[in-house]
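This briefing introduces a protein chain to a reader who has not met it before. Please keep the sequence and the structure at hand while reading.

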Amino acid sequence: EQQVGIRLKVTIVPGEELRSVGDFPLFLETADFLQRHPGFDIVVGVAMITSEEEVACKVSQDCNIGTNFFERYILLRTVRPDVIIHEFGHSFIGIGHSPTGVMQVRANTQYFSVQDRAVMLRTKWKEFRPTATPREY
């Protein structure tokens, strides 16, 4: 909110605890939720990775701990603030990454670059379009 004036209204819907289920099953679950509750703009599914997976992730540098599909479905396997900010950034900036700031592929900051912040300030009033559910593909 301090950087671009976007305030999130968080609604927690308790559900089955998911751990290490992989991206696509969690994506389907978040998409199903959005179909049942169309009043939400963005749905976040969280399935925490185990500490062993996190270590392997850091070593290999070849895993996603956050993913954003179609600007409306965010999947998190961590609750690190930089990852959460980065994935929400994709909902307003798009699918690309930046050479600086939190939108880097492996960011070590929680701040948007000047360029990314300018894009977010222009797009923060966007209306999220309905998208086809993944089951329709």
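The points below go from the whole chain to a helix, a residue in that helix, and the strands.

The model is a predicted one. Its chain has 137 residues, of which 37% count as buried, and its secondary structure comes to four helices and three strands.

**The chain as a whole**

- Read along the sequence, helices and strands follow the pattern α-β-α-β-β-α-α.
- Of the contacts between residues at least 6 apart in sequence, 57% join residues at least 24 apart.
- The accessible surface of the chain is about 8,900 Å², and 56% of this area belongs to carbon and sulfur atoms.

**Helix α3**

- At 1.5 Å a residue, the 13 residues of α3 should span 18 Å, and this agrees with the 18 Å between its end C-alpha atoms.
- The buried residues of α3 are Asp82, Val83, His86, Glu87, Phe88, Gly89, His90, Ser91 and Phe92.
- The cover over these buried residues includes the strands β1 (43–46), β2 (66–69) and β3 (73–76), together with the helix α4 (114–123).
- Glycine 94, just after α3, takes a positive phi of about 115°.

**Serine 91**

- Serine 91 belongs to helix α3, which covers residues 81–93.
- Serine 91 has a relative accessible area of 0%, and because the cut-off for a buried residue is under 20%, serine 91 counts as buried.
- Leaving aside residues up to four places away in sequence, serine 91 touches Ile42, Asn68, Glu71, Ile74, Lys126 and Phe128.

**The strands**

- β1 pairs with β3 in the parallel sense over four bridges, and valine 44 stands opposite isoleucine 74 in β3.
- β2 and β3 run antiparallel and are joined by four bridges; here threonine 67 stands opposite leucine 75 in β3.
- The hairpin of β2 and β3 has three residues between the strands, and phenylalanine 70 in this hairpin takes a positive phi near 55°.
- In β3, Tyr73 and Leu75 point one way while Ile74 and Leu76 point the other way, and all are buried.
- In a regular strand, side chains alternate between the two faces of the sheet.
- Ile74, one of the β3 residues named above, is also among the residues that serine 91 touches.

Note on methods
Residues are numbered from 1 along each chain as its sequence is written. This is a predicted model: local features need pLDDT of at least 70, side-chain atom pairs count only at pLDDT 80 or more; totals for chains, interfaces and linings use all residues. Side-chain values use heavy atoms; hydrogens and water are left out. Helices (H or I, at least four residues) and strands (E, at least two) are DSSP runs, numbered from the N terminus. Buried means under 20% relative accessible area, exposed over 50%, partly exposed in between (1.4 Å probe, protein chains only). Contact means heavy atoms within 4.5 Å. The expected span of a helix is 1.5 Å times one less than its number of residues. Two strands pair if DSSP finds at least two bridges between them. Accessible areas come from the Shrake-Rupley method with a 1.4 Å probe; for residues, only the protein chains shown count as cover.
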